[in-house]
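Thank you all for making time this morning. I would like to walk through one structure with you, taking backbone geometry, charge pairs and surface charge in turn.

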Amino acid sequence: VNLAAAESYPDDLKYHPEHDWARVDGDEAVLGITWFAQDSLGELVHFEPPSEGSTVAKDASYGEVESVKAVSDVIAPLSGEVLEVNAAVVDAPETVNDDPYGAGWLIRVRLSDASEVESLLDAEAYREVLAEQ
Amino acid sequence: MSQTLLRTPLHDRHVALGARMVPFAGWEMPVQYEGVIQEHRAVRGDAGVFDVSHMGEIDVEGPRAHELLQALLSNDLDRIDPGHAQYTLLTNETGGIVDDLIAYRLDRCHYLLVVNAANRDGDFRWIKEREIRGSEVRDASDEYALLAVQGPHAIAKLGLEPAPAFTFAEGTVAGVDCMVNRTGYTGEDGCELLCMAEDAGALWDAVLERGVTPCGLGARDTLRLEACYPLHGNDISPETDPISAGLGWTCALGKSFAGVETIRRIKEEGPERKLVAFVMEEKAVPRQGMAIEGGGVVTSGSHSPMLDVGIGLGYVPASLAAVGTGLTIDVRGKPRSARIVKKPIYKREE
């Protein structure tokens with residue numbers, strides 16, 4: 001039995017209002033979708049990733065996640081070059097439901113403009129976005 | 001313009017169970033409780049219950065009820081006795097499929113038709129307009145609730161005796177009188193319990209108390225797709241004919257019914273396209289409306305919880321329709337390979 005993760009929005013992450021998170025470390029960041037995003041979709045059955053070496057642009061779609069019932073674009077919270085795709089999620093997309101901020105990360109990027117980080121939301125501001133939904 | 005969604009007698013119970021409610025065919029229905037995949041697997045391995053009270057029930061009675069329905073429905077009602085049911089099609093004058101439904105023969109002169117929710121009003125008007133003296137057509141949908149209890153353990157958990165598919169009988173489940181129909185839409189053993197609307201809550205509670213998993217329309221769709229049962233509005237419609245859809249077996253071409261000449265001609269000449277089942281050969285989920293290379297289209301697509309791959313139904317030119325043929329599907333701009341398989345896509349082990 002899959003025990004879905006409990007709702008949470010860790011304080012050490014930056015958030016995009018389209019329900020994506022970034023864990024920034026120097027000029028690199030790991031990106032994923034929030035608990036809210038995975039809960040809205042339901043159990044994920046497919047992750048269509050970008051190619052490694054391609055570039056992603058802030059506020060634009062860089063991939064797709066699909067549940068049995070729905071497809072959703074994944075929006076990049078930051079711009080950069082794709083260094084790594086999480087192969088574990090490509091193989092077992094439900095990893096995102098089990099652990100959206102840990103094992104369920106989607107891609108790692110090298111940031112092209114570190115100043116973009118300032119435009120993202122902290123956990124408290126993101127919760128306010130959710131409260132308005 | 002806002003439209004109020006209809007609610008089944010079990011609406012509050014679904015909400016209390018934490019179901020995600022969505023609009024479907026004018027109704028507010030549970031799409032899932034815990035999760036589509038989990039509910040799907042409960043039906044394949046144990047037992048699940050679906051509230052399908054949104055479906056319509058049309059009552060046709062009278063000395064000429066049989067004659068009326070023989071002229072409107074594709075299958076031959078002379079083949080069934082009272083106590084038996086038949087999968088059949090309501091066809092139009094050009095051989096298109098107005099709806100697919102199950103006809104229950106209650107008596108020599110009395111039928112109950114269980115029809116798709118989205119087509120309830122249309123079917124009723126269609127049949128009522130063609131009513132003949134000696135037949136009475138009535139939309140009885142609001143009087144009934146319908147629970148589909150499906151899965152290898154469904155019959156045992158309800159305390160019922162096994163019975164052949166497509167039979168039915170009056171019965172009692174946990175003290176609630178119902179019509180116990182050995183029919184379903186999942187490819188599993190089980191039954192559909194038709195009860196009076198006011199008894200639905202007691203029946204639902206009793207079924208859950210017996211350890212049956214509540215399941216939503218999400219799992220109902222993936223189950224029927226694995227079983228390759230067509231969904232009206234997706235795979236079949238007034239613009240599609242039974243032969244192309246692989247439903248020739250439901251058409252008694254020796255009798256006279258609406259559109260029979262066209263259907264006979266398509267059968268003789270061979271259909272231009274055929275509804276096929278396919279399985280993806282790479283990671284991708286096919287969806288309704290996606291193009292199939294060579295002039296085809298996906299009519300239903302999803303992820304198979306049992307096979308853990310993308311699966312679907314679609315129309316392809318007859319020349320491409322053989323089992324084993326490779327297909328290329330345009331998945332949002334990317335060509336993805338699939339292969340035509342024998343129906344059903346998934347079948348339980350005997």
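**Backbone, salt bridges and a charged patch**

Let me begin in chain A, where A:His19 sits in the loop between strand S1 (14–16) and strand S2 (20–25). Please keep in mind throughout that this is a predicted model, with an ipTM of 0.86 and a pTM of 0.94; for chain B the mean pLDDT is 97, and 99% of the residues score at least 70.

What is the phi of A:His19? The value is positive, about 75°, although A:His19 is not a glycine. Most residues other than glycine have a negative phi, and most peptide bonds are trans, which is the background for the next few items. As for its surroundings, A:His19 has a relative accessible area of 12% and is therefore buried, since the cut-off for that class is under 20%.

Chain B offers a second case in B:Ala25, a residue other than glycine with a positive phi near 50°. B:Ala25 belongs to the loop between strand S1 (20–24) and strand S2 (27–32) of chain B, and because its relative accessibility is 34%, B:Ala25 counts as partly exposed. A glycine also appears with a positive phi, namely B:Gly211, near 80°, which follows H6 of chain B. Within that helix, which spans residues 200–209, the buried residues include B:Leu203, B:Trp204 and B:Val207.

Turning from phi to omega, the peptide bond joining B:Lys343 and B:Pro344 is cis, with omega about -5°, and B:Pro344 is found in the segment after S19 of chain B.

Now to the charges. Side chains of opposite charge can pair when their charged atoms come close. How many salt bridges does a search of the whole structure find? Over all chains, the search finds 29, and I will take three of them from chain B.

In one of these, B:Arg108 pairs with B:Asp81, and the closest N and O atoms are 3.8 Å apart. B:Arg108 is in the loop between strands S6 (97–107) and S7 (110–115) of chain B, whereas B:Asp81 is in the loop between helix H3 (65–72) and strand S5 (85–91), so this salt bridge ties together parts that are 27 residues apart in sequence. Both partners are partly exposed, B:Arg108 at 45% relative accessibility and B:Asp81 at 44%.

Another pair is B:Lys128 with B:Glu131, whose closest N and O atoms are 2.9 Å apart; here B:Lys128 is partly exposed at 33%, and B:Glu131 is partly exposed at 28%.

The third pair is B:Arg339 with B:Glu281, where the closest N and O atoms lie 3.0 Å apart. Because B:Arg339 is in strand S19 (residues 334–341) and B:Glu281 is in the loop between strand S14 (273–280) and strand S15 (291–292), the pair ties together parts of chain B that are 58 residues apart in sequence. B:Arg339 has a relative accessible area of 35% and is partly exposed, as is B:Glu281 at 47%. There is also a network of salt bridges with shared partners, which joins A:Glu48, B:Glu282, B:Lys334 and B:Arg336.

Finally, the surface of chain A carries a negative patch formed by A:Asp11, A:Asp122, A:Glu124, A:Glu128 and A:Glu132. Of these, A:Glu128 is placed in helix H4 (residues 123–131) and is partly exposed, with 46% relative accessibility.

Key: Residues numbered from 1 in each chain as written. Chains lettered and ligands numbered in written order. Heavy atoms only, no water. Patch = residues over 30% accessible without salt bridge, like charges linked within 9 Å, V, L, I, M, F, W, Y side chains within 5 Å. Areas by Shrake-Rupley, 256 points an atom, 1.4 Å probe, with all protein chains shown as cover. Salt bridge = Lys/Arg side-chain N within 4 Å of Asp/Glu carboxyl O. Lys, Arg positive; Asp, Glu negative; His and termini not counted. Charge placed at Lys NZ, Arg CZ, Asp CG, Glu CD. Helix = DSSP H or I, 4+ residues; strand = E, 2+ residues; numbered from the N terminus. Buried < 20%, exposed > 50% of the residue type's maximum accessible area, 1.4 Å probe, protein only. pLDDT = per-residue confidence, 0-100.
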